[in-house]
Amino acid sequence: MKRILIIVAAIAISLSASAKVVEKTFTVRGHCGMCKSNIEKVSKGFEGVQSVEYDLQGQTLKLVFDKKKVNVKDVQKAIAEIGYDAGKVKASDEAYDKLPGCCRYREIEGVSDHHMDGSGHDHHHAE
Ligand SMILES: [Cu+2]
C-alpha cells in the first residue's frame, strides 16, 4: 500500500515538473467581437494552450501555455492565417481579404482620422 502511494506521488511530481507554463502577451490586430472570438478560438486550438484572452482595446492577446508543447510563433502564424496580424507575423493579403467588412482593421485604421463621409460604408449592427 505504501508503495502505491509513493508511485502516485512520483507520477504527480513528474507531471508537474514536465509542464512549463508561461504567460506571454503580444500584439494582435483586430476590430470587433468576431475578431476576438476568431483569434481566441484559433489560439485555443493548440494543445498545451491553457487560456487565451484577447483585449480588443489594447490590441493584445494574452496567452497562457505550456512552453514545452507550444511555440508562440506557431500560434501567431495560425492567427495570421485567418487574417489577423499577430506579433511580427503579418497576415497575407489573401487571408486579410477573406475577412468580413467589420473586421478590416487595416482600412479602418486608414480612415480613423476622418469621419465616414458617405463613401458607401454603413454601420450595421448585426449582433
Ligand atoms: Cu471582426
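What pattern does the protein chain follow, read along the sequence? Colour the model by secondary structure and trace it: the pattern is α-β-α-β-β-α-α-α. Keep in mind that this is a predicted model.

**Stop 1: the whole chain**

Start with everything shown. The protein chain holds 5 helices and 3 strands. It has 127 residues, and 21% of them count as buried. Now think about contacts in the protein chain with a separation of 6 or more. Residues 24 or more positions apart account for 55% of these.

**Stop 2: the sheet**

Select β1 (21-27), then β2 (49-55) and β3 (60-66). You have an open sheet of 3 strands, in the order β1-β3-β2, with antiparallel pairing. β1 and β2 are the edge strands, each pairing on one side only. From one strand to the next, the twist averages 15°.

Zoom in on β2 and β3. They run antiparallel and are joined by 6 bridges. Pick Glu53, which lies in strand β2. Its bridge partner in β3 is Lys62. Is Glu53 buried or exposed? Glu53 falls in between: it is partly exposed, because 13 other C-beta atoms lie within 10 Å, and a residue counts as buried only with 20 or more and as exposed with 12 or fewer.

**Stop 3: the loop between β2 and β3**

Follow β2 into the loop that leads to β3, and select Gln59 there. Check its backbone. Gln59 has a positive phi of about 60°, although it is not a glycine. Most residues other than glycine have a negative phi. Gln59 is partly exposed, with 16 other C-beta atoms within 10 Å.

**Stop 4: the helix across the strands**

Next, select α2 (33-44). α2 lies across β2 and β3, and runs at about 160° to β2. Put a distance label between Ile39 and Glu53. They are 14 residues apart in sequence, and their C-alpha atoms are 9.1 Å apart in space.

**Stop 5: α3, side by side**

Select α3 (72-81). Which residues of α3 are buried? Show Val75, Gln76, Ile79 and Ala80 as sticks. They cover an arc of only 140° around the axis, so they sit on the same side of α3. An α-helix has 3.6 residues a turn, so residues three or four places apart point the same way.

Add the partners. The buried residues of α3 pack against β1, α2, β3 and α4 (93-97). Then turn the helix round. On the other side of α3, Lys73 and Asp74 are exposed. Just after α3, stop at Gly83, which takes a positive phi of about 115°.

**Stop 6: the nonpolar core**

Finish inside. The largest nonpolar core has 19 residues. Highlight Val28, Ile39, Leu61, Ile79, Ala80, Tyr84 and Ala86, which touch the most other members. The elements giving two or more residues to this core are α2, β3 and α3.

Centre the view on Ile79. What is Ile79 in contact with, leaving aside its neighbours within four places in sequence? The contacts are Val28, Ile39, Val42, Ser43, Tyr84 and Ala86. Ile79 is also one of the buried residues of α3.

Notes: Residues are numbered from 1 along each chain as its sequence is written. This is a predicted model: local features need pLDDT of at least 70, side-chain atom pairs count only at pLDDT 80 or more; totals for chains, interfaces and linings use all residues. Helices (H or I, at least four residues) and strands (E, at least two) are DSSP runs, numbered from the N terminus. A nonpolar core is a set of buried Ala, Val, Leu, Ile, Met, Phe, Trp, Tyr and Cys residues joined through C-beta atoms within 7 Å. Two residues are in contact if their C-beta atoms, placed from the backbone, lie within 7 Å. The arc is that of the directions from the helix axis to the C-beta atoms. Two strands pair if DSSP finds at least two bridges between them. Axes are lines fitted to C-alpha atoms, for helices over the stretch in contact, and angles run from 0 to 180 degrees between N-to-C directions.
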